[in-house]
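Work through the exercises below with the sequence and the model open. Try each task before reading its solution.

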Amino acid sequence: MLDKISKKILVELQNDGRISNVDLSAKVNLSPAACLERVRKLQDAGYILHYSAHLNPQLLDVALLVFIEVVLDRTTPEVFDAFSKSVQVIPEVLECHMVAGGFDYLVKARVKDMNAYREFLGKSLLQLKGVRETHTYAVMEEVKHTTRLPIR
């Protein structure tokens, strides 16, 4: 169980992963040495997985965000495993989740535009072993986007 200070450290690091240890320690009311030790313990315990930068998809020419429902032709462990391994190496795929419900996987991908999406779908996703059908939802507006987890 995390104490109040560790939770506050996690909140601050989610707000700014590049915050200096000195600034972080001031925000959580710890000495810099004690704060650094807490952060190391949080990393070692697996609470902090990694640090990254959020990039602007428009400036990087991958402005079109799509969600794709994927239905497999068979729901066997071998087909699930093959799909899971194959989707790992497709750079346009940002996230892929096995789900319960009317389809097998939900894929989140970014591409340049609709032409690039059609090419991605035909040359990448539909070519994966076991894919029977897909249904695509193109995002018209991102209403909320965050990677911050709620910490209570």
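**Exercise 1: A loop residue**

Task: Classify asparagine 29 as buried, partly exposed or exposed, then describe its place and backbone.

Solution. Step 1: the relative accessible area of asparagine 29 is 65%. Exposed means over 50%, so asparagine 29 is exposed. The model used here and in the other exercises is a predicted one.
Step 2: asparagine 29 sits in the loop that joins helix 2 (21-28) to helix 3 (32-44).
Step 3: phi of asparagine 29 is positive, about 60 degrees, although the residue is not a glycine.

**Exercise 2: Another positive phi**

Task: Find where aspartate 61 lies and how accessible it is.

Solution. Step 1: aspartate 61 belongs to the loop between helix 3 and strand 1 (64-72).
Step 2: its phi is near 65 degrees, a positive value in a residue other than glycine.
Step 3: aspartate 61 has a relative accessible area of 42%. Buried means under 20% and exposed over 50%, so aspartate 61 is partly exposed.

**Exercise 3: A helix residue**

Task: Place asparagine 15 in its element and relate it to lysine 27.

Solution. Step 1: asparagine 15 is part of helix 1 (residues 4-15).
Step 2: with 43% relative accessibility, asparagine 15 is partly exposed.
Step 3: lysine 27 is twelve residues away along the chain, and the two C-alpha atoms are separated by 12 Å.

**Exercise 4: Cysteines**

Task: State how many disulfides the structure holds, and compare the accessibility of cysteine 35 and cysteine 96 with the cut-offs.

Solution. Step 1: a disulfide is a covalent bond between the sulfur atoms of two cysteines. A search of the whole structure finds zero of them.
Step 2: cysteine 35 has 0% relative accessibility and counts as buried.
Step 3: cysteine 96 has a relative accessible area of 29%, which makes it partly exposed.

**Exercise 5: The whole chain**

Task: Describe the elements, the dimensions and the charges of the protein.

Solution. Step 1: the protein has five helices and four strands. Their order from the N terminus is α-α-α-β-α-β-β-α-β.
Step 2: the radius of gyration is 20 Å, whereas a compact globule of 152 residues would have one near 15 Å. The C-alpha trace spans about 55 × 35 × 25 Å along its principal axes.
Step 3: of the 152 residues, 29% are buried. The accessible surface is about 10,500 Å², with 54% belonging to carbon and sulfur atoms.
Step 4: there are 20 positive and 19 negative side chains, and the centres of the two sets are 6 Å apart.

Definitions and conventions. Residues are numbered from 1 along each chain as its sequence is written. This is a predicted model: local features need pLDDT of at least 70, side-chain atom pairs count only at pLDDT 80 or more; totals for chains, interfaces and linings use all residues. Side-chain values use heavy atoms; hydrogens and water are left out. A disulfide is a pair of cysteine sulfur atoms within 2.5 Å. Buried means under 20% relative accessible area, exposed over 50%, partly exposed in between (1.4 Å probe, protein chains only). Helices (H or I, at least four residues) and strands (E, at least two) are DSSP runs, numbered from the N terminus. The radius of gyration is taken over C-alpha atoms; the globule rule is 2.2 Å times the number of residues to the power 0.38. Accessible areas come from the Shrake-Rupley method with a 1.4 Å probe; for residues, only the protein chains shown count as cover. Lys and Arg count as positive and Asp and Glu as negative; His and the chain ends are not counted. The place of a charge is taken as NZ of Lys, CZ of Arg, CG of Asp or CD of Glu.
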